[in-house]
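Me: I'm new to reading protein models and would like a close look at one part. Could you walk me through the second largest pocket, and then show me what else is packed inside?

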Amino acid sequence: MTNNHKIKPRKLGHLVLAVRDIHRSVEFYTEVLGLQVSDWISDQMCFLRAGTDHHDLALSQIPKDSPDINDLPRYSRPGMEHFSYLVDSLQDMELAADMLKARGVEIVRGIGKHGPGENCFLVFKDPDGNNVELYCEMLQIALDEEHGPQVWERNIESFDQWRFARFVVPPPAAVVKDKQGKQD
């Protein structure tokens with residue numbers, strides 16, 4: 001692969017927002033916008049959908065004691081955590097990881113496979129420090145299908161079913177620390 005290779009996404013996929021009050025936000029997005037809940041991770045993350053993708057919006061609870069809870073763009077305040085683009089396959093994602101490394105683009109996490117949604121992921125930084133995710137193989141839920149949301153435990157398996165085995169960079173220390181000891 002050359003440095004001239006380009007990722008060819010199929011569509012803008014989903015967005016993850018960091019929120020002050022996850023229950024209030026879920027109520028807003030279900031009652032006002034009409035989204036449906038697909039799954040939860042504990043009471044810390046909620047996956048919502050407008051169509052057949054397992055999720056096109058996820059909400060992540062900011063720690064209630066965060067000193068930045070009312071501040072503007074940073075990871076410990078409300079706002080976007082990442083946005084994503086769908087690629088065709090895990091092989092495309094692996095090729096993208098090689099190209100990103102060759103170009104010196106900072107890879108944040110992945111390649112992994114989430115529990116909720118079952119999608120593979122690779123997250124990297126754009127020039128302004130925004131997290132961009134490539135994903136593939138997301139669970140599809142038919143519009144006429146009954147789907148009971150599952151509550152996942154907040155642990156390594158909900159974050160990465162492969163347990164960091166396919167990560168192309170070391171997993172973030174905060175993620176490992178946050179999920180360690182909770183995997184059984």
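Reply: Start with what the walls are made of: the lining of the second largest pocket divides into 6 nonpolar, 1 polar and 3 charged residues. Keep in mind as you look that this is a predicted model. The space in this pocket comes to about 220 Å³. It has 10 lining residues, and those closest to its centre are Val19, Arg20, Asp21, Arg24 and Ser25. Which elements supply at least two residues each of this lining? They are strand 1 (11-19) and helix 1 (22-32). Helix 1 gives the largest share, with 4 residues. If you wonder how such a space is found, rolling a probe the size of a water molecule over the atoms shows where empty space is left.

Stay with helix 1 (22-32) for a moment and find two rings. The ring centres of Phe28 and Tyr29 lie 4.9 Å apart and their planes meet at 90°; an angle over 60 degrees counts as edge-to-face, so this pair is edge-to-face. Are these two residues buried or partly exposed? Phe28 has a relative accessible area of 42%, so it is partly exposed. Tyr29, at 19%, is buried, because the cut-off for that is under 20%.

Another ring pair makes a nice comparison. Phe164 and Phe167 have ring centres 5.1 Å apart and planes at 80°, so they too are edge-to-face. Phe164 is buried, with a relative accessible area of 16%, and Phe167 is buried as well, at 12%. Ring pairs also link Phe164 and Phe167 with Phe121 and Phe159 into a cluster. In total, the model has 6 aromatic pairs.

Now for the packing inside. The largest nonpolar core holds 17 residues, and Met93, Leu122 and Leu134 have the most contacts within it. Four elements each supply at least two of its residues: helix 2 (90-102), strand 6 (107-113), strand 7 (120-125) and strand 8 (131-136). The largest share of this core, 6 residues, comes from helix 2. Try clicking on Met93 to see its surroundings: leaving out residues up to four places away in sequence, Met93 touches Val87, Ile111, Cys120, Phe121, Leu122, Leu134, Tyr135 and Cys136. Notice Phe121 in that list; it is also one of the residues in the ring cluster. Apart from the largest core lies another one, of 12 residues, including Val26, Trp40, Leu48 and Leu57.

Terms used: Residues numbered from 1 in each chain as written. Predicted model: local features only at pLDDT ≥ 70, side-chain atom pairs only at ≥ 80, totals over all residues. Heavy atoms only, no water. 1 Å grid on protein atoms, 1.4 Å probe; cavity = no way out; pocket = protein on both sides within 12 Å on 5 of 7 lines; lining within 4 Å. Points joined across faces, edges and corners; volume = space filled by probe spheres on them. Nonpolar A, V, L, I, M, F, W, Y, C, P; charged D, E, K, R; others polar. Core = buried A, V, L, I, M, F, W, Y, C linked by side-chain atoms within 4.5 Å. Buried < 20%, exposed > 50% of the residue type's maximum accessible area, 1.4 Å probe, protein only. Contact = heavy atoms within 4.5 Å. Phe/Tyr/Trp six-rings, centres within 6.5 Å; stacked < 30°, edge-to-face > 60°.
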